[in-house]
Amino acid sequence: MPNIRVLRDIKARELVRANEVARRAYLYVARNQSLPPQVRHQAQLQLNTFSRYTRPTTVKNRCIETGRGRGIIGEFGLCRFQFRQKALRGELNGVQKASW
Amino acid sequence: MAAPVRLAALTQLRCAVFQTSYNPTSARTGAKYLRARLRGPAMNSYYPQTLDLSQIAREFPELDIVNPDEEQRFQDVEDKKKRGKGKPKKARDAAQGRRQSRKK
């Protein structure tokens with residue numbers, strides 16, 4: 001069972017996916033300098049009404065085994081310790097301990 | 001050295017040929033927000049699917065699925081109650097509330 005931080009992150013990812021198109025449309029209007037300032041301002045106000053979890057920057061890659069938020073090795077989605085353990089057990093294809 | 005007017009005309013012609021938008025003042029059009037690919041689907045598939053027993057039990061109550069983790073939790077709560085570590089009693093009225101008395 002994933003911990004609460006992972007559950008929150010899953011929720012954020014779901015909300016980002018659900019609201020992405022609408023947010024992009026408002027962003028387009030708000031950032032378009034050829035539109036009247038009132039319209040752009042209204043679009044910006046609409047953008048501010050979205051939940052914080054609809055912003056893609058709130059999504060954080062966490063360890064898919066333990067939910068740890070730091071020291072994630074992106075290619076495998078694992079934190080450094082889980083990565084080491086799995087690599088030593090030979091569960092990660094193409095990864096081997098350096099030796100020279 | 002070509003005149004600026006001639007250079008602008010050249011740029012305009014180039015835009016017409018290669019079907020790009022002519023924007024000599026570099027005004028922001030917001031087009032990059034429409035052009036960028038959607039990131040949501042890739043973001044959503046980051047965590048692998050996990051088996052959620054309690055959700056299955058909720059959807060199919062006729063199957064009588066027992067979630068061992070949940071059973072263990074109920075057992076732990078019972079054990080704690082026996083040792084006097086259960087949840088605190090609710091205050092009858094606002095005057096009895098611990099939070100009320102602490103604020104003053």
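**Exercise 1.** What percentage of the 100 residues of chain A count as buried?

*Solution.* The model is predicted: local features require pLDDT of at least 70, side-chain atom pairs count only at pLDDT 80 or more, and totals for chains, interfaces and linings use all residues. Residues are numbered from 1 along each chain as its sequence is written, chains are lettered from A and ligands numbered from 1 in the order in which they are written, and side-chain values use heavy atoms, with hydrogens and water left out. Apply the criterion of under 20% relative accessible area (1.4 Å probe, protein chains only). Of the 100 residues in chain A, 30% satisfy this criterion.

**Exercise 2.** Determine the order of the elements in chain A and assess how spread out the chain is.

*Solution.* Take helices (H or I, at least four residues) and strands (E, at least two) as DSSP runs, numbered from the N terminus. Chain A then contains three helices and two strands, in the order α-α-β-β-α from the N terminus. Its radius of gyration (over C-alpha atoms) is 20 Å, well over the 13 Å given by the globule rule for 100 residues, so chain A is more spread out than a compact globule. That rule is 2.2 Å times the number of residues to the power 0.38. Along the principal axes, the C-alpha trace spans about 65 × 35 × 20 Å.

**Exercise 3.** Characterise the surroundings of A:D9.

*Solution.* First, locate A:D9 in helix α1 (residues 4-31) of chain A. Next, its relative accessibility is 6%, so A:D9 counts as buried. Finally, list contacts (heavy atoms within 4.5 Å): leaving aside neighbours within four places in sequence, A:D9 touches A:T58, A:V59, A:K60, A:R62 and B:Y47.

Note on methods:
Buried < 20%, exposed > 50% of the residue type's maximum accessible area, 1.4 Å probe, protein only.
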